[in-house]
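These are my notebook entries on a structure I went through at the desk. I kept them in the order in which I looked things up.

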Amino acid sequence: MNSGKLMKLAFVIVLVLVVGVLLYNPIMNAVNLGLDLQGGVHVVLKAVKEKTAITDEDMQQLKTVMRERVDELGVSEPVIQVSGNDRLIVEVAGVEDPEQAVDLIGKTAMLQFKTSDGKTVLTGKDLKDAKAVINNSNGQAEIQLQFNSEGAKKFGDVTSRLVQNYQNNDPRRAIAIYLDEDLLTNPNVNEAIPSGTAVITGNRNFEEASNIAALLRGGALPVNVEIMEKRTVGPTLGANSLNRSVNAILYSLIAIVLFIILYYRVPGLVAAFSLLVYAIIVMGGLASINAVLTLPGIAGLLLSIAFAVDANIIIYERLKEELKNGKTIRAAIEAGFGRAFWTIFDANTTTLLAAAVLFYYGTGPIRGFAVTLGIGILASMFTAITFTRFLLRLLADTRLVKNTKMYGA
């Protein structure tokens, strides 16, 4: 028995177990659950414009407003994405009051300009554009506002009135700007502005100015939204789905591990251990991209586990054939992996391409399925072709198991 190889094999096994234990909690905490697993709301909004077509800029502005509203709910990792030319999909998981969330998402954006006495003097429909710029003279970020003709007249009248307060040292000379009752900025008026354009200065960086400008444009969005689809999942139903999904994964793994160990014996035991490495890679990959795990995503994981085991079966059947032809265990391992490689590579590559197409053209749960399937396929190829081969080589070199029948022959 080669004691050096045996020590190396033991070290690898212990290392994988320790890494798995240490990473379990951080990985599980980093993976977010979708609304079908923890409850939440799924809303599809349609942008409506009376006279002109919906533009990409309209949809991005709508998305910005919705992002701000969802942030008010205090949830993490919401899904907000444009679908088609005029649809916006909003998925918020983990909300305690789904109906409140739907009301918040579906209400019309309201941008208001208010004077110090609380009077609304302009609204979003009076604003034509807003953008962040850098003042060339002082290098500071500013927000340029441009009003439409009606808004320009209103703004000119209001600033003319407020500038009198400025001349009389009256502190009531500010115009506060609110979006959905949230104060965005509160600039003072120093002069009458009849031109329809204004500049908001202040001690802010360009990123802050850009965010405020985006919100101003969003509040001025000349489109209405209609709720086309609304779906809520209660926390209890979500928890039930999560429990059933976990049980499905657990029972599937138990059945798979029992089968490959009983049928392929030592190589089956190695494959079962490789599944632990597969799980670490997959869950670590999902956590690293802040993936949201949904029921379709779990289906993708189960499918990729099947691919991982299928690759091992292809390899082990070749290995058995080589052993029956009289080769040594070490030579049979090399020949078995060599003969099975391209079959595994071709099968997994085509599935990986299918996952890429699903991700590119799909939305929501379909993309989640594609992500988990894609990561699972890559992990299964690594564990089946590389890690399992590495362990079998080490095991063969230790000569711990010499009987070829223990390799399924």
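Which residues line the largest cavity? I kept in mind throughout that this is a predicted model. For the lining of the largest cavity I noted Ile-315, Phe-337, Ala-340, Phe-341, Ile-344, Ile-385 and Arg-389.

**Entry 1, the cavity.** My search of the whole structure returned one cavity of 30 Å³ or more, and the space in the largest cavity came to about 30 Å³. I then asked which elements supply the lining, and found that α10 (329-361) and α11 (365-398) each give at least two residues to it, with α10 giving the most, namely four. Sorted by character, the lining of this cavity holds six nonpolar residues, no polar ones and one charged residue.

**Entry 2, the largest pocket.** Next I turned to the largest pocket, in which about 880 Å³ of space lies. It is lined by 27 residues, and those closest to its centre are Tyr-24, Met-28, Ile-249, Ala-279 and Met-283. The elements that contribute two or more residues to this lining are α1 (3-30), α7, α8 and α9 (295-324). I wrote down the division of the pocket lining as 25 nonpolar residues, two polar and no charged.

**Entry 3, salt bridges within one helix.** How many salt bridges does the count come to? I recorded twelve, and looked at several of them in turn. Glu-150 pairs with Lys-154, their closest N and O atoms being 3.7 Å apart. The two residues are four apart in helix α5 (residues 149-167), and therefore about one helical turn separates Glu-150 from Lys-154. Both ends of this pair are partly open to the outside: Glu-150 is partly exposed at 45% relative accessible area, and Lys-154 also counts as partly exposed, at 28%.

I found a second pair in helix α5, a salt bridge between Lys-153 and Asp-157 with the closest N and O atoms 3.3 Å apart. Here too the partners, Lys-153 and Asp-157, are four residues apart in the helix and so separated by about one helical turn. Lys-153 is exposed, with a relative accessible area of 57%, whereas Asp-157 is partly exposed at 45%.

**Entry 4, a salt bridge between two helices.** I then looked up Arg-330, which forms a salt bridge with Asp-397, the closest N and O atoms being 2.9 Å apart. Arg-330 lies in helix α10 and Asp-397 in helix α11, so this pair ties together parts that are 67 residues apart in sequence. For accessibility I noted that Arg-330 is partly exposed at 32% and that Asp-397 counts as partly exposed at 22%. Following the contacts further, I found Arg-330, Glu-334, Arg-389, Arg-393 and Asp-397 linked in a network of salt bridges. Arg-389 had already come up in my first entry, as one of the residues that line the largest cavity.

**Entry 5, a nonpolar surface patch.** Which residues make the nonpolar surface patch of about 550 Å²? I listed Leu-250, Tyr-251, Ile-254, Leu-258 and Leu-262. I checked Ile-254 on its own: it is found in helix α7 (residues 235-264) and is partly exposed, with a relative accessible area of 42%. Helix α7 was already in my notes as one of the elements that give residues to the lining of the largest pocket.

**Entry 6, a backbone angle.** Going through the backbone, I stopped at Arg-265, which has a positive phi of about 60° although it is not a glycine. I flagged the angle because most residues other than glycine have a negative phi. Arg-265 sits in the loop between α7 and α8 (266-288), and its side of the ledger on accessibility reads partly exposed, at 39%.

**Entry 7, a strand residue.** Is Ala-130 buried or exposed? I found Ala-130 in strand β7 (residues 127-134), and it is buried, with a relative accessible area of 0%. I also looked up its separation from Ile-212, a residue 82 positions away along the chain, and noted that the C-alpha atoms of Ala-130 and Ile-212 are separated by 8.8 Å.

Terms used
Residues are numbered from 1 along each chain as its sequence is written. This is a predicted model: local features need pLDDT of at least 70, side-chain atom pairs count only at pLDDT 80 or more; totals for chains, interfaces and linings use all residues. Side-chain values use heavy atoms; hydrogens and water are left out. On a 1 Å grid over the protein atoms alone, a cavity is a set of points where a 1.4 Å probe fits but cannot get out, and a pocket is an open set with protein on both sides within 12 Å along at least five of seven lines; lining residues have an atom within 4 Å of a point. Grid points are joined across faces, edges and corners, and a volume is the space filled by probe spheres set on the points. Ala, Val, Leu, Ile, Met, Phe, Trp, Tyr, Cys and Pro count as nonpolar, Asp, Glu, Lys and Arg as charged, and the others, Gly among them, as polar. Patches are made of residues with over 30% relative accessible area and no salt bridge: like charges are joined within 9 Å, nonpolar side chains (Val, Leu, Ile, Met, Phe, Trp, Tyr) within 5 Å. Accessible areas come from the Shrake-Rupley method with a 1.4 Å probe; for residues, only the protein chains shown count as cover. A salt bridge is a side-chain nitrogen of Lys or Arg within 4 Å of a carboxyl oxygen of Asp or Glu. Buried means under 20% relative accessible area, exposed over 50%, partly exposed in between (1.4 Å probe, protein chains only).
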